[in-house]
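Here is a set of short exercises to work through with the model open beside you. Try each task before you read its solution.

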Amino acid sequence: MSLYLALASPSCCEASALPTMAKSTFIDNLLARMSVTEKVGQLRMSFAGADLPPPTALQAVAEGRVGSMFTHPAATQAQLRSFQEYAVTHSRLGIPLFFAGDVVHGHHTIFPIGLGLASSWDLDAISVSARVAAREATGNGLDMTFAPMVDISRDPRWGRISEGFGEDPYLTSRIAATMVRGFQGQPGAVDSLMACVKHFAAYGAVEGGRDYNTTDLSAQRLYQDYLPPYQAAVDAGAGAMMTALTSLNGVPATANRWLLRTLLRQHWSFTGLVISDHGAVEELISHGVAGDGAQAAQRALDAGTEISMSDRYYLQALPTLTEHSAQARSQLDEAVRRVLSVKYDMGLFEDPFRRLQGAQPAPVQFSHPLYRSEARAIARRSLVLLKNDDATLPLKRQGTVALIGPLADNSRDILGSWPANGQPSQAVSLYQGLRTALGDRAQLLYALGANIHDNPTAFDLLADNQVVLDPRPPSALLAEALAIARQADVVIAALGEPRGMSHEGASKTTLDLPQQQRELLRALKMTGKPLVLVLMNGRPLSIVEESQWADAVLETWFSGSEGGNAIADVLLGDYNPSGKLPISFPRTVGQLPVHYNTLNTGRPFIKERPSKYKSRYFDLDPTPLYPFGYGLSYTTFSLSSLRLSTHQLPPGQSLQASITVKNQGSRSGETVVQLYLRDRVASVSRPIKELKGFRKVLLAPGESRRITFTVDQTALGFYNQDLQWITEPGEFDVMIGLDSQHLEHARFELLEASR
Ligand code: BGC
């Protein structure tokens, strides 16, 4: 007999007899026995804090007024277990709870943040990161993660851009599907962590990058650019979808019938669960689409929001609403059915304690060494070398190295936003990583140099306000750093942002480094020493001057528990950097939006033939500082002999585009070969290029390899003005490169059906 059945006596818990029945019969039987309050309870997700369950929370569980819980990262398995025991033994029907949490880029073992994962362009490694996270999270009692976050964003002012996978629909879609499969593993297995994809839809397009602001997009842009990653996640079998806090074209996502019922359910055939974001039902009142809580609950349920996270109105309003409305009654039943179905799929009716077997309190759990080595492997693949003049990198293991900056010996911020159960005490700072890697072959000096941010008052408002600032004046910190720099053969400046600055509710009007840090870098430049800038941040920064001051620049994002080791691996050449940007770096904030896959416009700016009446800002180079897909290596690669298998493609068929990539240097290394397409003439304007394929390849010195991409009809299609997915005959450019700007070109014609 399962532990669940042992604990759940049939008299108190009728659900216990159900696992032997077929799923739909099981759910029908259970539903038939539920009171309205118990049904509404299944639609409510409450918060399980880090303390012992308060009696009132347990009481609510016992009364069937809560159906699932979202947990604090520090919630222990023992604590979750006591909730579950209450649910199965004290509630009338013994329906188990499920537990959800924000396991975004790792649980105990923290992997790079979303932008970092995406920079690896390595789907296998990303899959491993999600699998490890699932193993750890399910081992700690979780059934569901609020991830992956697949919101496309092209506005780095938005702090949450750190969580996503960048600006591109194709890359993000591939990663979205990979993450869903990685989290969920074998659906129903004990280590399967159900994925709740977020935030549906287009949260990343908030106006001005201001968090929670309005999202307003043309149908074309929505379908073409913003929706594909959610759809890819659905197609990969995601168990749940979270509504965005924002409105989409005037209707808040949580009350958006078209979004949730027409698009998600009807068009995409989504059968999983729709969960509101935190408090989103109540916020319908502030959005101005509901006059009170009752109306908010009614609109959300009617739109298809099944579970309401952290909200009181479902419980307050739905019983009365369903009493008077047959439609609401059937919507309630439909929603409860979905919740029960998900719990069934999670295996909770069979054994509600299947993910709650251990007794170890979460915060003191250590990552498995194997998981840590995976974290290091992907972290180093996620680092992007932006500049490397005069082969400043890799560094030699000799002489004196000065490591300076507020991110240099910082094992807290390196974990990034949403660090789940990642513990700074278990994370490796850059200082620690370099110390170990240099051993006694080189001297390592350290100074803080500057505080991590300039404005404590503003920063206190951010989500993560535990930064301890050095009380010394900036001039004293700077003087100490310069004294150290002058003794060194090379200076490494580890600069960037505190992790709370690239987080929810952390939008900014500037993309500059904090002022104290900029001044530090400028002063370090004046020492004349070779200067390496190691960036740790969760958004593209505007670093035009900084990139001139530094001889080498390495973008490391927030690289996780093994970040310090991984960065040391790259700085010292134990790993040859292979990361490529999943997002463009603007030159300045005024240039936004900057993304590679723009439309051509009627007056495109052509650098070789400049003229006033062209689409551009007259005071700035229109190109990004670093383009999408860009990243250097310690070796050099060349591309040659782009060939197409045909230049006349019959409709419905595919062609092969192949190219030779060669490692021309003396070090082995990996690069990412990228395929872009352009539909030259179509019924709607099509982007000047769109990523449609990529391959990460490892080549020995002097080695060359022929890479072949298949270009099929999916790659050629687009949404026309009637929002039908079609292909149109005509010419297409095929472009292959190692970034989105330097490309080899070929062309073919997609033939008409009748020819
Ligand atoms: C965020 C979600 C998150 C939820 C639960 C919300 O504020 O928008 O991304 O999953 O909180 O922590």
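**Exercise 1. Helix α8**

Find the residue that caps the N-terminal end of α8, and then describe the helix itself.

Solution. Step 1: look at Asp 168, which caps the N-terminal end of α8 with a side-chain oxygen 3.1 Å from the backbone nitrogen of Tyr 170. Keep in mind that this is a predicted model.

Step 2: follow the helix. α8 covers residues 169-184, 16 residues in total, and spans 22 Å from its first C-alpha to its last. The expected span is 1.5 Å times one less than the number of residues, and for α8 the expected value is 22 Å, so the helix is close to it.

Step 3: check the surroundings. Because 13 of the 16 residues of α8 are buried, the helix is largely enclosed by the rest of the structure.

Step 4: see what comes next. Gly 185 follows α8 and has a positive phi, near 50 degrees.

**Exercise 2. Two aromatic pairs**

Classify the ring pair of Trp 121 and Phe 628, then do the same for Trp 158 and Tyr 203.

Solution. A useful reminder: a pair of aromatic rings is described by the distance of the centres and the angle of the planes.

Step 1: the search of the whole structure finds 21 aromatic pairs. In one of them, the ring centres of Trp 121 and Phe 628 are 5.5 Å apart and the planes meet at 55 degrees, so this pair is tilted.

Step 2: locate the two residues. Trp 121 is in the loop between α6 and α7, while Phe 628 is in the loop between α22 and β17, so the pair ties together parts that are 507 residues apart in sequence. Both Trp 121 and Phe 628 are buried.

Step 3: turn to Trp 158 and Tyr 203. Their ring centres are 4.9 Å apart and their planes are at 75 degrees; angles over 60 count as edge-to-face, so this pair is edge-to-face. The pair links distant parts of the chain, 45 residues apart: Trp 158 sits in the loop between β4 and α8, and Tyr 203 in the loop between β5 and α9.

Step 4: buried or exposed? Trp 158 has 0% relative accessibility and therefore counts as buried. Tyr 203 is buried as well, with a relative accessible area of 0%.

Step 5: widen the view. Ring pairs link Trp 121, Tyr 170, Tyr 596, Phe 628, Tyr 676 and Phe 694 into a cluster.

**Exercise 3. Strands and their partners**

Which strands lie at the edges of the open sheet of 8 strands?

Solution. Step 1: write down the order, β9-β6-β5-β4-β3-β2-β1-β10, with parallel pairing.

Step 2: read off the ends. The edge strands are β9 and β10, each of which pairs on one side only.

Step 3: zoom in on one edge. β6 and β9 pair in the parallel sense over 3 bridges, and Met 242 has Ile 275 in β9 as its bridge partner.

Step 4: contrast this with β20 and β21, which run antiparallel and are joined by 9 bridges. Here Val 672 has Lys 696 in β21 as its bridge partner. β21 is mostly covered, with 8 of its 10 residues buried.

**Exercise 4. Around the ligand**

Find polar side chains that approach oxygen atoms of the ligand.

Solution. Step 1: list the surroundings. Among the residues around the ligand are Lys 198, Met 242, Asp 277, Trp 418 and Glu 504.

Step 2: read the distances. An N or O atom in the side chain of Asp 277 is 2.5 Å from an oxygen atom of the ligand. For Glu 504, a polar side-chain atom lies 2.9 Å from a ligand oxygen. For Lys 198, the distance from a side-chain N or O atom to a ligand oxygen is 3.0 Å.

Step 3: look at Lys 198 once more. Its charged end sits over the ring of Trp 418, 5.1 Å from the ring centre.

**Exercise 5. Unusual backbone angles**

Where is Trp 557, and what is the sign of its phi?

Solution. Step 1: recall that most residues other than glycine have a negative phi, and most peptide bonds are trans.

Step 2: Trp 557 is in the loop between β16 and α22. Although Trp 557 is not a glycine, its phi is positive, about 50 degrees. Trp 557 has 0% relative accessibility, so it counts as buried.

Step 3: compare Ala 391, also not a glycine, with a positive phi of about 50 degrees. Ala 391 lies in the loop between β11 and β12, and it is exposed, with a relative accessible area of 56%.

Step 4: finish with the peptide bonds. A cis bond joins Phe 200 to Ala 201, with omega about 5 degrees, and another joins Leu 592 to Pro 593, with omega about 0 degrees.

Notes:
Residues numbered from 1 in each chain as written. Predicted model: local features only at pLDDT ≥ 70, side-chain atom pairs only at ≥ 80, totals over all residues. Heavy atoms only, no water. Helix = DSSP H or I, 4+ residues; strand = E, 2+ residues; numbered from the N terminus. Buried < 20%, exposed > 50% of the residue type's maximum accessible area, 1.4 Å probe, protein only. Polar contact = N/O pair within 3.5 Å; in protein donor to acceptor, adjacent residues only side chain to side chain. Pairing = 2+ DSSP bridges. Phe/Tyr/Trp six-rings, centres within 6.5 Å; stacked < 30°, edge-to-face > 60°. Lys NZ or Arg CZ within 6 Å of the ring centre and 35° of its normal. Near = heavy atom within 4 Å.
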